[in-house]
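This report looks at a protein chain through its strands, its surface charges and its salt bridges. Please keep the sequence and the model in view while reading.

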Amino acid sequence: MSEPVIWALTGDKTGDNNQLLALAEMIGLPFAVKRLSYNLARAVPPRFLGTSLLSLTAEARRQLAPPWPDLVIAIGRRSVATARWLKKNHGAGLVLMGHPRVDPAEFDLVITTRQYPVPRHDNVLLLPMPLSRLGERPEPNAAETALLGRLPRPHLLLAIGGPTKYWELDADAMAAAVAALDARARRLGGSLLAIGSRRTPGEVIAAVRGPLGERLVTDPAIRFASLMHDADEIFVTADSISMLSEAIQTGKPVGMVPIQLSDTGRRRLGAEPGAVRHRHRDLRHIWDYLLREGLVGTVEEPRSGDWDGAAVRHAAEAVRQLLDGGDDHAG
């Protein structure tokens with residue numbers, strides 16, 4: 001019997017792509033990556049796009065060609081219309097990660113986390129946190145060896161994300177967090193390093209560069225994975241649930257660095273979780289879970305949680321059951 005044809009629909013968000021590829025790799029079968037790009041119709045909600053390719057660029061449409069997939073794994077709302085088109089026109093089984101923004105019954109399996117207001121159905125699998133693709137520690141290169149070798153241990157790593165829907169990263173607040181972490185590193189006799197991302201605003205980078213100098217890592221030769229594996233303690237800005245997940249899965253003490261609601265966020269979400277009906281993505285729901293379960297700590301008291309990866313393995317097994325025609329895949 002031939003192996004099933006599996007497509008992984010990636011996009012332009014690194015964190016989303018890493019989650020998607022982590023799941024595809026854990027299934028243990030060959031898969032093809034279809035990197036989708038979108039036109040202006042990407043702003044149209046999935047419920048209005050229906051089962052169509054209207055939001056895809058011509059280049060992306062050319063990738064969708066035989067042999068047609070038996071299974072499609074997609075992530076995020078932009079991929080929803082394309083995934084549904086593949087099911088309607090070519091009979092593909094559908095796995096959607098995140099928040100589909102349409103009835104979950106349109107998919108064979110929805111894998112989600114607590115920040116998303118996805119109705120709980122039999123085909124919805126709720127994970128404690130997003131999947132991680134951090135992997136094993138890479139062999140240090142010359143630039144990494146030179147930087148990390150001259151800084152006294154313990155090494156504290158600050159991973160900085162950026163503004164996201166309803167939330168903002170304030171430069172003054174970030175400068176205060178850096179000061180607190182730098183003081184902690186000195187008390188421990190070690191060093192604080194920081195690294196930004198594509199989403200990190202320039203004013204935040206400037207606020208961090210002042211006190212840290214070369215300890216703000218900007219050399220592209222120094223890899224994020226190397227810094228994560230090297231660190232003795234890891235601190236992550238709360239906007240990046242994917243980086244928090246990666247940090248937790250290292251088994252090292254992790255501290256979550258608070259971020260602030262934007263003006264729009266205060267109107268849409270309310271000042272406290274649950275103040276407004278849970279209709280929008282609200283990161284506070286997953287923050288509260290991670291703190292309550294002891295999977296993360298704070299800037300002042302980082303924590304290493306008891307994470308064994310069982311839920312992640314459950315997700316991969318759910319997809320394998322779907323391929324085998326099983327129906328006992330949610331929980």
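Does His 90 count as buried, partly exposed or exposed, and what is its relative accessibility? The model is a predicted one. In this model His 90 has a relative accessibility of 28% and counts as partly exposed, because buried means under 20% and exposed means over 50%. His 90 belongs to helix α4, residues 80–90. Its C-alpha atom is 7.6 Å from that of Pro 69, although 21 residues separate the two along the chain.

**Strands**

Strand β5 covers residues 109–112. Leu 109 and Ile 111 point one way from this strand, Val 110 and Thr 112 point the other way, and all are buried. Strand β4, residues 93–97, pairs with β5 in the parallel sense over 3 bridges. Strand β6, residues 124–126, also pairs with β5 in the parallel sense, over 3 bridges. Val 110 has a partner in both neighbours: Leu 96 stands opposite Val 110, and in β6 the bridge partner of Val 110 is Val 124.

**Charged patches**

A patch of positive charge on the surface gathers Lys 13, Arg 101, Lys 165, Arg 267 and Arg 268. Lys 13 sits in the loop between β1 and α1 and is partly exposed, with a relative accessible area of 48%. Glu 168, Asp 170, Asp 172 and Glu 203 form a negative surface patch. Asp 172 is part of helix α6, residues 171–187, and is exposed at 63% relative accessible area.

**Salt bridges**

Side chains of opposite charge can pair when their charged atoms come close. The structure holds 16 salt bridges, and the table gives some of them.

| Salt bridge | N to O distance |
|---|---|
| Glu 214 and Arg 150 | 2.9 Å |
| Arg 153 and Asp 230 | 2.9 Å |
| Asp 182 and Arg 215 | 3.0 Å |

Asp 182 lies in helix α6 and Arg 215 in the loop between α7 and β10, so this pair ties together parts that are 33 residues apart in sequence. Asp 182 is buried, with a relative accessible area of 10%, and Arg 215 is buried at 18%. Salt bridges that share partners join Arg 137, Arg 153, Asp 230 and Asp 232 into one network. Within that network, Arg 153 is partly exposed, with a relative accessible area of 43%, whereas Asp 230 is buried at 6%.

How values were computed:
Residues are numbered from 1 along each chain as its sequence is written. This is a predicted model: local features need pLDDT of at least 70, side-chain atom pairs count only at pLDDT 80 or more; totals for chains, interfaces and linings use all residues. Side-chain values use heavy atoms; hydrogens and water are left out. Patches are made of residues with over 30% relative accessible area and no salt bridge: like charges are joined within 9 Å, nonpolar side chains (Val, Leu, Ile, Met, Phe, Trp, Tyr) within 5 Å. Accessible areas come from the Shrake-Rupley method with a 1.4 Å probe; for residues, only the protein chains shown count as cover. A salt bridge is a side-chain nitrogen of Lys or Arg within 4 Å of a carboxyl oxygen of Asp or Glu. Lys and Arg count as positive and Asp and Glu as negative; His and the chain ends are not counted. The place of a charge is taken as NZ of Lys, CZ of Arg, CG of Asp or CD of Glu. Helices (H or I, at least four residues) and strands (E, at least two) are DSSP runs, numbered from the N terminus. Buried means under 20% relative accessible area, exposed over 50%, partly exposed in between (1.4 Å probe, protein chains only). Two strands pair if DSSP finds at least two bridges between them.
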